[in-house]
Amino acid sequence: MATKTENKNGSIVISNNVIANAAGIIATSCYGVVGMAIRSPKDGIVSLLKPSNLAKGIKVSVSENEITVDMYIVVQYGMNINAICESIMHSVKYRLSEIIGMEVKAVNISVESIRVTN
C-alpha cells in the first residue's frame, strides 16, 4: 500500500519502494552501518545488498497516516550495536518524516550480521 496525500490541487502518491529506498539511504549514511541485508529463504544465508537494491532489506507498512519501517542491517565489527541502532532509529524517523510529510510511528531494526575487516 502506498501513501496518499490530497490537497486542493490534487493528490500525491508515494510508493512503499520509494519510502524504503529513502530509509535505506538514510540508514547507510549512519556511522557503523555496512549496508542492508537480506536473508535467503531457501538456506537462511544473509547477503549484503548492493546500494541499488537497498529496498530489498527494508519492509514498509503504512496505516492511517503512520509509517512503520522494518530494517535488516549489517554492522561493522567492534562498534557499539545499540548506539548504531539508536542513531539509525532517530535519523530515519526524523529525516523520513521530513521528506514524506507523514509521521513515522516506528523504526524496527534487526542486525542480521557483523562484518569483520582485516
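These are my notebook entries on helices, strands, single residues and a surface patch in one predicted model.

**Ground rules**

I work with a predicted model, where local features need pLDDT of at least 70, side-chain atom pairs count only at pLDDT 80 or more, and totals for chains, interfaces and linings use all residues. I number residues from 1 along each chain as its sequence is written, and side-chain values use heavy atoms, with hydrogens and water left out.

**Entry 1: helix H1**

I began with H1, which covers residues 16–28. Helices here are DSSP runs of H or I with at least four residues, strands are runs of E with at least two, and both are numbered from the N terminus. H1 has 13 residues. From first C-alpha to last, H1 reaches 18 Å, close to the 18 Å expected at 1.5 Å a residue. That expected span is 1.5 Å times one less than the number of residues.

Which residues of H1 are buried? I listed Asn16, Ile19, Ala20, Ala22, Ala23, Gly24, Ile26 and Ala27. Buried means under 20% relative accessible area, exposed means over 50%, and partly exposed lies in between, with a 1.4 Å probe and protein chains only.

I then looked up what these buried residues pack against. Their partners are the strands E1 (3–7), E2 (10–14), E3 (33–39), E5 (58–63) and E6 (66–76), together with helix H2 (81–100). Contact means heavy atoms within 4.5 Å.

**Entry 2: Asn21**

Asn21 also sits in H1. I call Asn21 partly exposed because its relative accessibility is 27%. Not counting residues up to four places away in sequence, Asn21 touches Leu54 and Ala55. I also checked Asn21 against Val33: twelve residues apart in sequence, 15 Å apart in space, C-alpha to C-alpha.

**Entry 3: strand pairs**

Two strands pair if DSSP finds at least two bridges between them. E1 and E2 pair in the antiparallel sense over five bridges. How many residues does the hairpin from E1 to E2 run through? The hairpin joins the strands through two residues. I noted two partners in E2: Lys4 bridges to Val13, and Glu6 bridges to Ser11.

E3 came next. E3 pairs with E6, antiparallel, over three bridges. In that direction I found Val33 opposite Val75 of E6. E3 is also joined by three bridges to strand E4 (residues 46–48), again antiparallel. There, Ala37 stands opposite Leu48.

**Entry 4: two residues of helix H2**

I picked Ser91 and Val92. Ser91 lies in H2, and so does Val92.

Is Ser91 buried or exposed? Ser91 counts as buried because its relative accessible area is 18%. Leaving aside neighbours within four places in sequence, Ser91 is in contact with Ile26, Cys30 and Leu96.

Val92 has a relative accessible area of 0%, so I call Val92 buried. Beyond residues up to four places away in sequence, Val92 touches Ala23, Ile26, Ala27, Met71, Ser97 and Val107. Ala23, Ile26 and Ala27 are among the buried residues of H1. I also looked up the distance from Val92 to Met71: 21 residues apart along the chain, their C-alpha atoms are separated by 10 Å.

**Entry 5: Tyr31**

Where is Tyr31? I placed Tyr31 in the loop between H1 and E3. Tyr31 is exposed because its relative accessible area is 69%. Not counting residues up to four places away in sequence, Tyr31 touches Met79 and Ile84. Tyr31 and Val92 are 61 residues apart along the chain, with 13 Å between their C-alpha atoms.

**Entry 6: a nonpolar patch**

I finished on the surface. Which residues form the nonpolar patch? The members are Tyr77, Ile81, Val111, Ile114 and Val116, with about 450 Å² of accessible area together. Patch residues have over 30% relative accessible area and no salt bridge; like charges are joined within 9 Å, and nonpolar side chains (Val, Leu, Ile, Met, Phe, Trp, Tyr) within 5 Å. A salt bridge is a side-chain nitrogen of Lys or Arg within 4 Å of a carboxyl oxygen of Asp or Glu. Accessible areas come from the Shrake-Rupley method with a 1.4 Å probe; for residues, only the protein chains shown count as cover.

I looked closer at Val116, in the segment after strand E7 (103–115). Val116 is exposed because its relative accessible area is 57%.
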